[in-house]
Amino acid sequence: MRVLYISKALVVGTYQRKLEEIAKFPDVELRAVVPPYWREGEYRQELEPRYTSGYELIAEHMRFNGHYHLHYYPNLRRQLLEWRPDVVHVDEEPYNFATAHAIWQARRVGAKTIFFAWQNIYRVYPPPFYLIELYSLVKSHAAQAGTRQAQEVLRRKRYSRPSVAFPQFGVDADLFSPNSHLGDDDVFRIGYVGRLVPAKGIHVLLAAAARLSFPCRVQLIGAGSAEPSLRSRVESLGIQDRVEFVGHVPSSEMPAYYRTMHVCVLPSLTMPNWKEQFGRVLIEAMACGVPVVGSDSGEIPEIVGSDDEDPGGRTFPEGDVEALAEILTELHGDPSLRCGYGAQGRERVLRDFTQERIAAKTVRMYRQLTHGLLYTAQQETTRP
């Protein structure tokens, strides 16, 4: 079974580990098409070839790089004619032009097609994106939704083909692993990882940090358009000595940063057109044995877990500064509670979110598709 996997996300080196795991299955021949870089605003993420054994990783020119909805690979047909895949897996939302373009080209060579969807809010898009999405929904053979909520959105859009629900990527649990020694515990270290944009609710974290009565340090790891306003907020709160803007960190270096945290916080806010779709930083932190605290936006409660599921941390009502400050105070004062959450979070990741686990589910999806069988998210997947 030949698979062509198309994904701009694979410019991030640690994500490529999933493809190595997919390629270990004896019935899979794998080629991945990625851009040489992906532009995120002013930041340019260069391709990081890190895990490349067992399959081909090919950098293809991307037109309209940096434009989520308009980008595509103009030379994709050449790859399809050369590789002649049985399955084309497009790692993009159905309303993105790259998805419809890849499905159209794949159908011309007789390949089955799968697209990916994170969108967990039902929306009707304006032209031309409505028509792009409609083509993808009608002409694809199957869909992978990142979560149950995203799968339900596809159903509301009357998507009639098979769909599965599991995340896009897992975590390399060997790379993202715990550190038994945090060092100086006099300063409570609070981490945030992700884009610096309003929807991530970072100003809520800053306001909570200003209320804490013990020594703490907030590290903001990432970049984005909200950085100037966040720096102004730090100054207005008078917490310059408590906050560090780290900037972008390469994916392979992130475990070292997680291991210095006493807690990782994701204070996302639901917007009219967005709510937290997964919260990948949560599973990375949990894999490192770090307790997590997240708002109740979107999928965060599902990732963190409830009290009867051995959670990896705590959740709070989104936007509630006081509730977040109380949780941080409780975690600061109870190292055994932090240790318990850290151990439970690691176990959740090993059970549900490793790259090996996600790769096995992906191959099961390919097999079901090529044999004309329906695949349901409830079916368990194990390596042969």
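**Reading two parallel sheets in a predicted model**

Trainee: How many strands does the open sheet containing S12 and S15 have, and in what order do they lie?

Mentor: This open sheet has 6 strands, in the order S12-S11-S10-S13-S14-S15, and the pairing is parallel. Bear in mind that the model is predicted. Strands of a sheet pair through backbone hydrogen bonds, either parallel or antiparallel.

Trainee: Which strands are at the edges?

Mentor: Strand S12, residues 243-247, and S15 are the edge strands; each of them pairs on one side only. From one strand to the next, the twist averages 20°.

Trainee: Which residues should I look at to check the register between S11 and S12?

Mentor: Start with glutamine 219, whose bridge partner in S12 is glutamate 244. Strand S11 covers residues 216-221 and pairs with S12 in the parallel sense over 4 bridges.

Trainee: And how is S13 held between its neighbours? Which residues stand opposite each other there?

Mentor: On the S10 side, isoleucine 190 stands opposite valine 263 in S13. Strand S10 (residues 188-193) runs parallel to S13, and 2 bridges join them. Towards S14, cysteine 264 stands opposite valine 292. S13 and strand S14 (residues 292-295) pair through 3 bridges, again in the parallel sense.

Trainee: Which way do the side chains of S13 point, and are they buried or exposed?

Mentor: In strand S13 (residues 263-266), Val263 and Val265 point one way while Cys264 and Leu266 point the other way; all are buried.

Trainee: Which strands does helix H6 lie across?

Mentor: Helix H6, residues 202-211, lies across S10, S11, S12, S13 and S15. Against S11, helix H6 runs at about 170°.

Trainee: S13 contains a cysteine. How many disulfides does the structure hold?

Mentor: A disulfide is a covalent bond between the sulfur atoms of two cysteines. This structure holds 0 disulfides. Cysteine 264 is in none, and the nearest cysteine sulfur, in cysteine 288, is 9.5 Å away. Cysteine 264 is buried, with a relative accessible area of 0%.

Trainee: Why is there no bond between cysteine 216 and the closest cysteine?

Mentor: The closest cysteine sulfur, in cysteine 264, is 15 Å from that of cysteine 216, too far for a bond. Cysteine 216 is also buried, at a relative accessible area of 6%.

Trainee: Now the other sheet. What is the strand order in the open sheet of 7 strands?

Mentor: The order is S5-S2-S1-S6-S7-S8-S9, and the pairing is parallel. Its edge strands, each pairing on one side only, are S5 (56-59) and S9 (163-165). Ignoring direction, neighbouring strands of this sheet are turned by 20° against each other on average.

Trainee: Where can I see the pairing of S1 with S6?

Mentor: Look at valine 3, which stands opposite valine 87 in S6. Strands S1 (residues 2-6) and S6 (residues 87-90) run parallel and are joined by 4 bridges.

Trainee: How do I read a helix that packs on this sheet? Which residues of H2 are buried?

Mentor: An α-helix has 3.6 residues a turn, so residues three or four places apart point the same way. In helix H2 (residues 76-83), the buried residues are Leu76, Gln79, Leu80 and Trp83. Viewed down the axis of H2, these fall within an arc of 100°, so they line one face of the helix. The buried residues of H2 pack against S1, S2 (29-34), S5, S6 and helix H3 (97-108). Arginine 84, which follows H2, has a positive phi, near 50°.

Trainee: Loops next. Is glutamine 16 buried or exposed?

Mentor: Glutamine 16 is found in the loop between S1 and helix H1 (17-23). At 0% relative accessibility, glutamine 16 counts as buried. A polar atom of the glutamine 16 side chain lies 3.2 Å from the backbone nitrogen of tyrosine 51. Leaving aside residues up to four places away in sequence, glutamine 16 touches several residues, including Leu10, Leu47, Pro49, Tyr51 and Leu57.

Trainee: And where does proline 311 lie?

Mentor: Proline 311 is in the loop between helix H10 (300-304) and strand S15 (313-316). With 4% relative accessibility, proline 311 counts as buried. Beyond residues up to four places away in sequence, the contacts of proline 311 include Val304, Ser306, Tyr341, Gln344 and Arg348.

Technical notes:
Residues numbered from 1 in each chain as written. Predicted model: local features only at pLDDT ≥ 70, side-chain atom pairs only at ≥ 80, totals over all residues. Heavy atoms only, no water. Pairing = 2+ DSSP bridges. Axes fitted to C-alpha atoms, helices over the stretch in contact; angles between N-to-C directions. Buried < 20%, exposed > 50% of the residue type's maximum accessible area, 1.4 Å probe, protein only. Arc of directions from axis to C-beta. Contact = heavy atoms within 4.5 Å. Disulfide = S-S within 2.5 Å. Polar contact = N/O pair within 3.5 Å; in protein donor to acceptor, adjacent residues only side chain to side chain.
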